[in-house]
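I set aside some bench time to go through this model and jot down what I looked up. Here are my notes, residue by residue and then for the chain overall.

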Amino acid sequence: MPTATADLYDELGESVQSLPTQLRSFGGRSAFDGPIRTVRCFEDNALVKAILASPGAGSVLVVDGGGSLNTALMGDLIAASAVANGWAGVVIHGAIRDSVAIGSLDLGVKALGTNPRKSAKDGAGEVDIALEFGGVVFRVGARLYSDEDGILVER
């Protein structure tokens, strides 16, 4: 089991950033950590699907969906693909759907909320770029730690 984020913060202090955005936990794995990969997309989940269908090697995908709750950026099929491909978790600054099914998967999932509406599938967005939301910068390769108390990210 990963070290609790509160204990990590006490140990690492200002060498980590603490995300103040209150994301809800949806996945079957409540605590997870790993190196960051990123996607920026708005109401279009084609890039999320493609990345999570590739080998994750214990990484965490951080998705900046602009905070939109209008459409879901991940559902149970994409989440199941993430599990099959070895991803540790997904953090979405936006919505998911199929939350009950996602809760049964061995995957850490945090998101702002849910919406049953599908997103577009045009492939619009950017991959593996630095993202910022909630005052925290998410850099590719930096380590993310998540549990019931929140999310910490290496500076």
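**Entry 1: Asn-85.** I started with Asn-85, which sits in the loop between helix 3 and strand 5 (89–96). A reminder to myself before going on: this is a predicted model. I looked up the exposure next: Asn-85 has a relative accessible area of 24%, so it counts as partly exposed, since the buried class stops at under 20%. Then I listed its contacts, leaving aside neighbours within four places in sequence, and found Leu-52, Ala-53, Ser-54, Pro-55, Gly-56 and Ala-57. I also checked one distance: Val-63 is 22 residues away along the chain from Asn-85, and their C-alpha atoms are 17 Å apart.

**Entry 2: Ser-68.** My next stop was another loop residue. Ser-68 is in the loop that runs between strand 4 (60–64) and helix 3 (76–84). Buried or exposed, I wondered about Ser-68? Its relative accessibility is 8%, so Ser-68 is buried, the limit being under 20%. I then followed its side chain. It makes a polar contact of 2.7 Å with the side chain of Glu-43, and it reaches the backbone nitrogen of Asn-70 at 3.1 Å. With neighbours within four places left aside, I noted that Ser-68 touches Phe-42, Glu-43, His-93, Gly-94 and Ala-95.

**Entry 3: Asp-33.** Here I moved from loops to a strand. Asp-33 belongs to strand 3, residues 32–40. Which side chain does the side chain of Asp-33 meet in a polar contact? I found Arg-143, at 2.7 Å. Arg-143 turns up again in the contact list of Asp-33, which, without neighbours within four places in sequence, also holds Pro-2, Gly-58, Val-60, Ala-88, Leu-144 and Tyr-145.

**Entry 4: the whole chain.** Finally I zoomed out. I counted 4 helices and 11 strands in the protein chain. The radius of gyration is 14 Å, and a compact globule of 155 residues would come near 15 Å, so the two agree. Along the principal axes, the C-alpha atoms fill a box of roughly 40 × 30 × 25 Å. Buried residues account for 47% of the 155. Of the contacts between residues at least 6 apart in sequence, 75% link residues at least 24 apart. I put the accessible surface at about 6,800 Å², with 50% of it from carbon and sulfur atoms. My last look was at charge: there are 13 positive and 19 negative side chains, and the centres of these two sets are 8 Å apart.

Terms used: Residues are numbered from 1 along each chain as its sequence is written. This is a predicted model: local features need pLDDT of at least 70, side-chain atom pairs count only at pLDDT 80 or more; totals for chains, interfaces and linings use all residues. Side-chain values use heavy atoms; hydrogens and water are left out. Helices (H or I, at least four residues) and strands (E, at least two) are DSSP runs, numbered from the N terminus. A polar contact is a pair of N or O atoms within 3.5 Å; within protein, one must be able to donate a hydrogen and the other to accept it, and residues adjacent in sequence count only if both atoms are side-chain atoms. Contact means heavy atoms within 4.5 Å. Buried means under 20% relative accessible area, exposed over 50%, partly exposed in between (1.4 Å probe, protein chains only). The radius of gyration is taken over C-alpha atoms; the globule rule is 2.2 Å times the number of residues to the power 0.38. Accessible areas come from the Shrake-Rupley method with a 1.4 Å probe; for residues, only the protein chains shown count as cover. Lys and Arg count as positive and Asp and Glu as negative; His and the chain ends are not counted. The place of a charge is taken as NZ of Lys, CZ of Arg, CG of Asp or CD of Glu.
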